[in-house]
Amino acid sequence: MKYLSEYRNLEATKKYLDEIHKITTRNWNVMEICGGQTHSLVKNGILDLLPEKVRMIHGPGCPVCVTPLNLIDKAIELLENNVIVCSFGDMIRVPGSKRSLLEAKASGGDLRILYSPIEAVSIAKENPDKEVVFFAVGFETTAPANALSVLHAEKEGITNYSILASHVLVPPAMEAILDDELCNIDAFLGAGHVCAIMGMQEYYPLVKKYEIPIVITGFEPLDMVQGIYMAVKQLEEGRHALENQYARVVKEHGNKAAINVIGKVFEVGDREWRGIGEIPNSGYVIREAYRKYDAEAKFGIGNIKVPENSSCIAGEILRGIKKPNQCNQFGKTCTPSNPLGAPMVSSEGACAAYFHFSDNLISS
Amino acid sequence: MDTTELGSDTINLGHGSGGTMTRDLLDKIIFKTFNNPYLNQKHDGSIVKFNGDIAISTDSFVISPIFFKGGDIGELAVNGTVNDVAMCGAIPKFLSLAFIVEEGLAISDFTKIVNSVKMAADKSGVQIITGDTKVVERGKGDKIFINTTGFGEVHPKASISADNIKIGDKIIVSGFIAQHGMAIMSQREGLEFESTIESDTTNVNFLVNDLLDTFGNKIHLFRDPTRGGLASVLSEIATDINKGVTISEKRIPLEKQVAAACEILGLDPMYVANEGVFIAIVEAGVADAVVQAMRSNEKGKNTSCIGEVTDEHPNKVVMKSLIGGKRIVSPLIGEQLPRIC
């Protein structure tokens, strides 16, 4: 099993595309949850290969995009106060209310770009005189590693490490979207890697309550078209069920070890979503027992409220109400080098995907 | 060289002061290593003869780590500039060589790098004819920076200019992309693969010379896709010539290990730096012959014709994906950053 070449195979993908064309008789709106899935659709040119009646709506599954603006400001404040701030790469270009982490780095802030939060714990060990904070952003996918870093620090007796956490959960976001009166979504492609961690159990109630098909889908081009095919087939047949296209990675009960680790350090709490607002019980907060690893508590940088740029319509983009090229600023005052909001900067953002990969001149 | 000959095992500020310590460093390492009639004059500059037009190119090298799998900063500093001169359709002859060394660099490392410069220069058939060495305080550099400026004689049959590019011209890539960038990234991230990815830094001037001998002005442009990768160079070209570029993803030469490394690190190989690879934009009629000629050379054995210049979608590069869809290939903005998930 190679997983790369097989799931990028032209013949197999074509077969599924042909099948989608064959079975589609009506207009359907299918939302892919994950930003990585949006990118796959645009990057592989799949949108133009689908029948016109199948409209893909881009979902809020871009962790960078939904991280509240004030969190970036908090991270910058830490940098300005001599804290070593460690972050995943794609957070650093997102503009806060005044500037981005990258700009703060250029002004002298000690910002380190890492692949793994465990590296941040090592940095804390190597710099005992400085505070080290890991900017712990993401959906359920990155929560286990972030939780592990806290447990690791605890085990090693490292006290100069903490995380600035902003974890959000997919199922509450889906409910918020489905409860929105402007929602016109007929089926979902579930976020493959989130489900690799959490399993499938949380999605059965959604299927039942909203009578909506959910197909947990991967990211390669063949995954995407197979997932879309499975969703459209359910719709055409008038069914609604939870199906797993990404079976090679997603198991019914998820990754138990990861779920345990998350549960040790985090508990579910209310969370603010940039562009959407506060959704109750939609994110992870650090448990009382680990409060000393919570950077917001440690540094007292709790309540900064920051207004969004009024011309950015990220909220409508993230809820699938508008497409990036329907935004007046898209490509004009809002570009990747001059982003007004997160979806244009993040490598998972719908606006960035459209800007980089798509163009009205080549579509249709 | 026995480092005690210099009385110290690290470079210090005295070595850049212009006094006897500098002279000592130059005599015992630089002049001794290169030992050519130009440098042996030990003058402020050198006088050389050229026939016809001269191509000049300069580049600075700040790579970290300075030693990596497949090469080091010294080799890079020669190959990079030699190749840039070759991209002008010229035969590189001479290089200037300027070092900015951070106080504390081990003399053994400095010597290794100078030796690498010498070896790479010999392989490329160029001579180092003038140079400079400065030392900056600890913390004000990053071990060592190098600048090289290359001088070459324009090949008599060369007519290299973006203005010569026509609709229908074919776009050819000389080998596997993303090799150098991923060699560096893998080393930085401490990733180990079954067989290590090595930088492909090498000089391509002789191959370019052979191509010019055979195909002359039917080659319209050479470019080497260093920083920013293949995507950025193609985007620049499309904008500069105000025409469209269309390429096919399945024709882009990409080695398996490098593809895997890119996947793991969340990087797009189209934007990763290359060193030993170049693009040739050639008249359609000779494209097949150019590909064959390049493949018969060791440095072009993985050559592939990846696309063509078109009158559709001017200023844009459009790539047909592996599954037959289309996407725009836009230029790199800022740096490619490792992704969250």
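## A walk through chains A and B

Start by colouring chain B by secondary structure: nine helices and 13 strands should show up. You are looking at a predicted model. The radius of gyration of chain B is 21 Å, close to the 20 Å that the globule rule gives for 341 residues, so chain B is as compact as a globular protein of that length. Turn on the principal axes if your viewer has them; along these, the C-alpha atoms of chain B fill a box of roughly 65 × 55 × 30 Å.

Now switch to chain A. Here you get 16 helices and eleven strands. A compact globule of 364 residues would have a radius of gyration near 21 Å, and the 20 Å of chain A agrees with that. The box for the C-alpha atoms of chain A, again along the principal axes, is roughly 65 × 45 × 40 Å.

**Stop 1: a helix pair in chain B**

Select residues 205-215 and 287-295 of chain B, which are helices α6 and α9. Their axes lie 11 Å apart, and the packing angle is about 145°. Spin the view and you'll find that α6(B) passes α9(B) in a right-handed crossing. Which side chains should you show as sticks? On α6(B), pick L207(B), L211(B) and F215(B); on α9(B), pick A289(B), V290(B), A293(B) and M294(B). Colour that contact by residue class and you get seven nonpolar residues, with no polar and no charged ones.

**Stop 2: the second largest pocket**

Next, select I184(B), M185(B), R188(B), R227(B) and E335(B). Of the 44 residues lining the second largest pocket, these are the closest to its centre. The pocket has a volume of about 1,600 Å³.

Keep both chains on screen for this one. From chain A, α5 (101-106), β4 (111-113) and α6 (117-126) each supply at least two lining residues. From chain B, β1 (54-61), α3 (73-87), α5 (179-189) and β8 (219-223) do likewise. Which element gives the most to this lining? That's α5(B), with six residues. If you're colouring by class, expect 22 nonpolar, nine polar and 13 charged residues around the pocket.

**Stop 3: the cavities**

Time to look for enclosed space. Rolling a probe the size of a water molecule over the atoms shows where empty space is left. How many cavities of 30 Å³ or more does a search of the whole structure find? Two.

For the largest cavity, with about 110 Å³ of space, centre the view on C312(A), I313(A), C327(A), C334(A) and C351(A). Those are the closest to its centre among the 15 residues of the lining. Add α14 (314-318) and α15 (342-345) of chain A as cartoons, since they are the elements that give two or more residues to this lining. By class, the lining of the largest cavity has twelve nonpolar residues, three polar ones and no charged ones.

Last selection: the second largest cavity, at about 50 Å³. Its lining is T38(A), H58(A), G59(A), C62(A), I317(A), L318(A), P343(A), E348(A), G349(A) and A350(A). Two elements to highlight are β2 (54-61) and α14 of chain A, each of which supplies at least two of the lining residues. Helix α14 of chain A also contributed to the lining of the largest cavity. The class count for the second largest cavity is five nonpolar, four polar and one charged.

Methods. Residues are numbered from 1 along each chain as its sequence is written. Chains are lettered from A and ligands numbered from 1 in the order in which they are written. This is a predicted model: local features need pLDDT of at least 70, side-chain atom pairs count only at pLDDT 80 or more; totals for chains, interfaces and linings use all residues. Side-chain values use heavy atoms; hydrogens and water are left out. On a 1 Å grid over the protein atoms alone, a cavity is a set of points where a 1.4 Å probe fits but cannot get out, and a pocket is an open set with protein on both sides within 12 Å along at least five of seven lines; lining residues have an atom within 4 Å of a point. Grid points are joined across faces, edges and corners, and a volume is the space filled by probe spheres set on the points. Helices (H or I, at least four residues) and strands (E, at least two) are DSSP runs, numbered from the N terminus. Ala, Val, Leu, Ile, Met, Phe, Trp, Tyr, Cys and Pro count as nonpolar, Asp, Glu, Lys and Arg as charged, and the others, Gly among them, as polar. Axes are lines fitted to C-alpha atoms, for helices over the stretch in contact, and angles run from 0 to 180 degrees between N-to-C directions. A crossing is left-handed if the near helix is turned anticlockwise from the far one by less than a right angle, and right-handed if clockwise. Contact means heavy atoms within 4.5 Å. The radius of gyration is taken over C-alpha atoms; the globule rule is 2.2 Å times the number of residues to the power 0.38.
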